Amino acid sequence: MKTILVDFEKCVGCRLCERACLKKHTPEDSEIPHEIDKQLSKQRVHVELAGTRPYPLRCRHCDDAPCVTACMTGAMHFDPETGMVNVDYDRCIACWMCVMNCPYGGVLPNEDYTKVLKCDRCLDVPIPACVDACPKDALVYEEVEMRDDNLCVGCGLCVEVCPFDAITMVQTERGLKARTNSELCRGCSLCSTSCPYGAIFMNYHTTDKLSDQIKEVIRSY
Amino acid sequence: MEHYKYVIVGNGIAGLRAADTIRSEDRDGTICMVSEEPFLSYSRPLISYYIGGETTFEKMFYHEQDWYDKRDIKLELGNAVVRFEPISNRLTLKDGKEISYDKLLIATGGKSQVPDMPGKDLDGIYTFTDLGTTQKIKEKIKDARRAFVIGGGLVGLKAAQGLVDAGLDVTVVIASNQIMSQLLDETAASIVKRRLDRKGIRVILNTSISEVLGKDKVEGVVLESGDEHECDILIFAKGVKPDLKFLKNTEIKTGEGIIVDNHMRTNIPNVWAAGDCTETFEESFGRSTTNLVWPRASEQGRIAGFNMVGIPREYRGWFWMNSFQFYGLSCISIGNIKPTGGQFEVMINQNIREGLYRKVILMDDKVIGALFVGKITTIGTLNGLIKKQVSVKGHKEDVLEDKLALLVF
């Protein structure tokens, strides 16, 4: 599964991601975005200062998302095909249950407080606008699950444990190797924890990355 | 007799979430949903929007019939449970059908009742919790002009908003000295009340009604003060209590609601309960209590679903929260917003004229309550802080601003 990741060591707080997001979600022919389409023209990523450190807030498309559980009209829903949490604007009545329940501040009211807005991961383009605009590579769009073919012996255990049927065994020049369909992968990490050869690992939740993040939080205060 | 692996009584959000969760974890187990209401699961909070014409009948429903068919969820709608034998795992329905089960979920929600008073059975008196009654109200308001709503909580005021939007002259009668006394402090209540005044919703505080006037239909009400007012619709929107009627004389242990443990299990091992009908121990209240609010019901339904298929999930308690919008004025209230005693620290940031008000309550450097009116962006991060009991020492000023993202993670 591909997802938007943040390396906040690299974020300098330039807010180019906000502007790119706003531009992407504004109809192309409008000159003053907020005036033309108050309903949907607004950026869905926000750079906030935490202490002295800038940090981009955005939707993480959680599994078992608190905003989906809280939505009382059924507008906020999890889309199993894309692995994303999306809003059905037709159903949203702006009751703010989702805003109240999102601990990441990733769901926001729109300009005139009539609908909620959140990251839609810019699915119509290969790279999300915020990632594309980030000059410091603080925002990246990456595969969550990584594999080392040198270690994979083709045992097929990962195929069996994957709850999303995302992994298949493929005959390559170097023998049978596991391959993941990133459309189906939800990044649950079952494959990496069950691989007896350590051939699969999670790109995001590594001990190094987590300890980097913790250090950074401590340093920023 | 029909047999199902899972039977769910109630078509509210707790029942629906449980059915959805069970099906996603157990692809083969048979599921049956039983409800006395003749409708597919619909959004109960939307009934006021339906009255006001802001939403359509079709949009009230979470899913169409097709969704249930695809998941092989059998429905017994409009078919109330008349007999329940938990020891022999058996239910008898209104039409005489008998159903047995391996595992049962009770998610019957809450019911409100018209209090005892002269004239309480007249035509034109309604409660405000279900779609069937709402359809009757919608029919009735076609030739009604004046409405009285009893109860100044969120349900009552939303009902009033719906009726005003439908073109009626509306008065709300509230027993306490402010609107929404559970959700708002006095300042916030006055901001919201001003917005309601401006839209023509009349509010009478510190009183209730003592008699309903009329021959065979409602013609007026008498307030406790003796004042008489004309009206042709009367809506009771208070005193919603867990609906326990089919549990009478059964082995299921009940107090105010059905008593469940933190896995939503009742005293009978293969019977679970979730949503408004339950009574749970709440740390934030310090006692076992019922709490008839939507997000709690939704969460409990999901937790019960997981536990019923054998995946342990714990209910970690709930604290008071709700969010709403009246005519463009947004408000979110989380946790303890009316502290009593001395060891609290209250921080307020306000601009009443602009309709902006922010109040955060701290105890031992931890956030215990937050009330935002007007601009509500990122209050969810405060919700996270309350839930996780994070100390905000050294960042107290940031709490009133939108600067708390990092403390949560």
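A residue counts as buried here if 20 or more other C-beta atoms lie within 10 Å of its own, and as exposed if 12 or fewer do. With that cut-off in hand, select helix α4 of chain B, residues 131-140, in this predicted model. B:Leu131, B:Thr134 and B:Ile137 are the buried residues to colour there. Look down the axis of α4(B): the buried residues fall within an arc of 110°, so they line one face of the helix. Turn to the other side of α4(B) and pick B:Gly132, B:Lys136 and B:Glu139, which are exposed. To see what the buried residues of α4(B) pack against, add α2 (47-51) and β8 (125-127) of chain B to the selection.

**Chain B as a whole**

Now select all of chain B. Its secondary structure amounts to 10 helices and 25 strands. The radius of gyration of chain B is 22 Å, close to the 22 Å that the globule rule gives for 409 residues, so chain B is as compact as a globular protein of that length. Aligned to its principal axes, the C-alpha trace of chain B spans about 65 × 65 × 35 Å. Colouring by burial marks 46% of the 409 residues of chain B as buried. A contact map of chain B shows how its contacts are spread along the sequence: among those between residues at least 6 apart, 63% join residues at least 24 apart.

Next, colour chain B by domain. Domain 1 takes residues 2-111 and 240-308, domain 2 takes 122-236, and domain 3 takes 328-408. A distance drawn between the C-alpha centres of domain 1 and domain 3 of chain B comes to 34 Å.

**Strand β1 of chain B and its partners**

Select strand β1 (residues 2-9) of chain B together with strand β6 (residues 98-106) of chain B; the two run parallel and are joined by seven bridges. For one of the bridge pairs, show B:Tyr4 and its partner in β6(B), B:Tyr101. Then add strand β2 (residues 31-34) of chain B, which pairs with β1(B) in the parallel sense over four bridges. Here B:Tyr6 has B:Ile31 in β2(B) as its bridge partner.

Stay in strand β6 of chain B and centre on B:Ile99. Is B:Ile99 buried or exposed? B:Ile99 is buried, since 22 other C-beta atoms lie within 10 Å. Which residues does B:Ile99 touch, not counting those up to four places away in sequence? The contacts are B:Met1, B:Glu2, B:Tyr4, B:Val7, B:Cys32, B:Leu91 and B:Leu93. Draw the C-alpha distance from B:Ile99 to B:Tyr4: it is 7.6 Å, although the two are 95 residues apart along the chain.

**A three-stranded sheet in chain B**

Move to the open sheet with the order β17-β19-β20 in chain B, where the pairing is mixed. Its edge strands are β17 (258-259) and β20 (287-289) of chain B, each of which pairs on one side only. Select strand β19 (residues 278-282) of chain B with β20(B): they run antiparallel, joined by three bridges. B:Glu282 is one residue to label, with B:Arg287 as its bridge partner in β20(B).

**Helix α8 of chain B**

Select residues 379-388 of chain B, helix α8, which is mostly covered, with eight of its 10 residues buried. The buried residues of α8(B) are B:Ile379, B:Gly380, B:Thr381, B:Leu382, B:Asn383, B:Gly384, B:Leu385 and B:Ile386. Step just past the end of α8(B) to B:Gln389 and check its backbone: phi is positive, at about 55°.

**Chain A and the contact with chain B**

Switch to chain A, which has eight helices and 12 strands. Of its 221 residues, 38% count as buried. In chain A, 60% of the contacts between residues at least 6 apart in sequence join residues at least 24 apart.

Finally, show both chains and select the contact: 27 residues come from chain A and 33 residues from chain B. On the side of chain A that touches chain B, β2 (46-50), β3 (53-57), α3 (66-70), α4 (97-101) and β6 (108-109) of chain A each supply at least two residues. The largest share of that side, four residues, comes from α4(A). Colour the same side of chain A by residue class to see 20 nonpolar, five polar and two charged residues.

Note on methods
Residues numbered from 1 in each chain as written. Chains lettered and ligands numbered in written order. Predicted model: local features only at pLDDT ≥ 70, side-chain atom pairs only at ≥ 80, totals over all residues. Contact = placed C-beta atoms within 7 Å. Nonpolar A, V, L, I, M, F, W, Y, C, P; charged D, E, K, R; others polar. Domains from an automatic or database assignment. Rg over C-alpha atoms; globule rule 2.2 N^0.38 Å. Arc of directions from axis to C-beta. Pairing = 2+ DSSP bridges.
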